[in-house]
Amino acid sequence: TSRRQRQMCIRDRLHNALEEILSFDDFSAEKIKELAQKHQICPYELSLELSEFAQIIIADYNYLFDPCVYIRRLFDEPGKYVFLIDEAHNLIERGRDMFSSSISKKEIKKVKAELDKSNKLYKRLTKLNTQVNKFLKQENELKDIVFAMLSCLESAQEVITPPSISLFTQELVRFSTIYSTLNENFKTFCTEDSVIIQCLDASPFLEESISKGNSTILYSATLSPYEFYKNSILPKIEAFGYSLPYPFDAQNLLV
C-alpha cells in the first residue's frame, strides 16, 4: 500500500508539472529541468510525457533503435513518423554496438565488493560468476548464464543496492535481451575473462525500427559508396539515393 501511495504521489506531481509546462508551450531543456526541480520529479520522466505532445523530437539514435532504451510509448507500434537520421554513416557501427553485450568475471567481482555477503544479490552474483566460469571452460551453455542473470535482476529489484550497481544490472538486461534474438547475425566468443555476444550485422534490426515510421531520410556527407551503406542499413526496404555536390570550395581544405 505504501509503495502504491508513493507511485500515486509521483504521478500526481508529474501531472501537475506537465500541466504547467504545457501552459508555457516551452519544452526547452532548461524549462524541463526547472519544473522537474519545482515538482520534485525526474526530468527524464517529464521529457517522456512531453514526447507525446511534441511535433519534433531531437534525440540520439538509441531512443529509436536500441532494444533496451528505445521509447516504447512511441515506437512499440508503427506511427505517423518521419525519421530524419543525421550522420547516417555512423548507424552501421552504432547498430552493431547496440546489439552487442558482454559479461566478465572482473565486473561481477567489482559489483560483489560493494555488497554485503548477506545480501541476496551477492549470493546470486556468486552463482552467475560460477556459470560464466563454466562457460569459459565449455562446461555449460549460454542459456545457463542468462538464467543466472535473470535471477540476479530479480534480486536487484527486491533489495537495496548502491546506485553504481544500476549500470551493471542494465548490462545484464541488455545481455539477456540480445540473447533472445540470437541468430546467424551474431557471434559468441570468449576471452580469458569474458563472454561476448557480438552483433555482426544489425541491418535487420535497423530496418525493423525504421519501418515504424511512414518515411525516413538518412543523410551524411560520407554515404559513399551508396550501395554499401544502402545494403548495410536497409538491405530489403526500397530506398532511393541522391547525391549533391559539396557547396564548399575544395581549395579551402588545407590538408
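**Pockets, cores and a hairpin in a predicted model**

The largest pocket holds about 890 Å³ of space. This is a predicted model, and the pocket is a handy place to start looking around it. Its lining takes in 31 residues, and those that sit nearest the centre are Leu218, Tyr219, Leu223, Gly241 and Tyr242. Two elements, β5 (215-218) and α12 (226-233), are the ones that give two or more residues to this lining. Sorted by character, the lining of the largest pocket comes out as 19 nonpolar, 10 polar and 2 charged residues.

The second largest pocket comes in at about 710 Å³. Here 24 residues do the lining, with Ile57, Ile58, Val82, Phe83 and Leu84 closest to the centre. At least two lining residues come from each of α4 (62-65), α5 (72-75) and β1 (82-85). Of these contributions, β1 makes the largest, with 4 residues. The lining of the second largest pocket splits into 18 nonpolar, 2 polar and 4 charged residues.

Zooming out, the protein chain has 12 helices and 5 strands. Its C-alpha atoms fit a box of roughly 65 × 50 × 40 Å along the principal axes. Out of 255 residues in the chain, 35% count as buried. As for how the chain meets itself, take the contacts between residues at least 6 apart in sequence: 65% of them link residues at least 24 apart.

Next come the nonpolar cores. The largest contains 49 residues, and the members that touch the most others are Phe65, Ile103, Leu125, Leu128, Ile145 and Phe175. Helix α9, covering residues 142-158, is the top contributor to this core with 8 residues. Another core lies apart from it, made up of 10 residues that include Leu18, Ile21, Ile32 and Leu50.

Phe65 deserves a closer look, being among the members of the largest core that touch the most others. Once its neighbours within four places in sequence are set aside, phenylalanine 65 is in contact with Ile85, Leu91, Met98, Phe99, Leu206, Ser209 and Ile210.

On the strand side, β3 (residues 186-190) and β4 (residues 194-199) run antiparallel and are joined by 5 bridges. The two strands make a hairpin, with 3 residues between them. Within this pairing, phenylalanine 189 has isoleucine 196 of β4 as its bridge partner. In a regular strand, side chains point alternately to one face of the sheet and then the other.

Finally, there is asparagine 129, which belongs to helix α8 (residues 120-136). Asparagine 129 has a relative accessible area of 23%, so it counts as partly exposed; the cut-off for buried is under 20%. Beyond its neighbours within four places in sequence, asparagine 129 is in contact with Lys105 and Ile108. Serine 180 is 51 residues away from asparagine 129 along the chain, and the C-alpha atoms of the two are 21 Å apart.

Technical notes
Residues are numbered from 1 along each chain as its sequence is written. This is a predicted model: local features need pLDDT of at least 70, side-chain atom pairs count only at pLDDT 80 or more; totals for chains, interfaces and linings use all residues. Side-chain values use heavy atoms; hydrogens and water are left out. A nonpolar core is a set of buried Ala, Val, Leu, Ile, Met, Phe, Trp, Tyr and Cys residues joined through side-chain atoms within 4.5 Å. Buried means under 20% relative accessible area, exposed over 50%, partly exposed in between (1.4 Å probe, protein chains only). Contact means heavy atoms within 4.5 Å. On a 1 Å grid over the protein atoms alone, a cavity is a set of points where a 1.4 Å probe fits but cannot get out, and a pocket is an open set with protein on both sides within 12 Å along at least five of seven lines; lining residues have an atom within 4 Å of a point. Grid points are joined across faces, edges and corners, and a volume is the space filled by probe spheres set on the points. Ala, Val, Leu, Ile, Met, Phe, Trp, Tyr, Cys and Pro count as nonpolar, Asp, Glu, Lys and Arg as charged, and the others, Gly among them, as polar. Two strands pair if DSSP finds at least two bridges between them.
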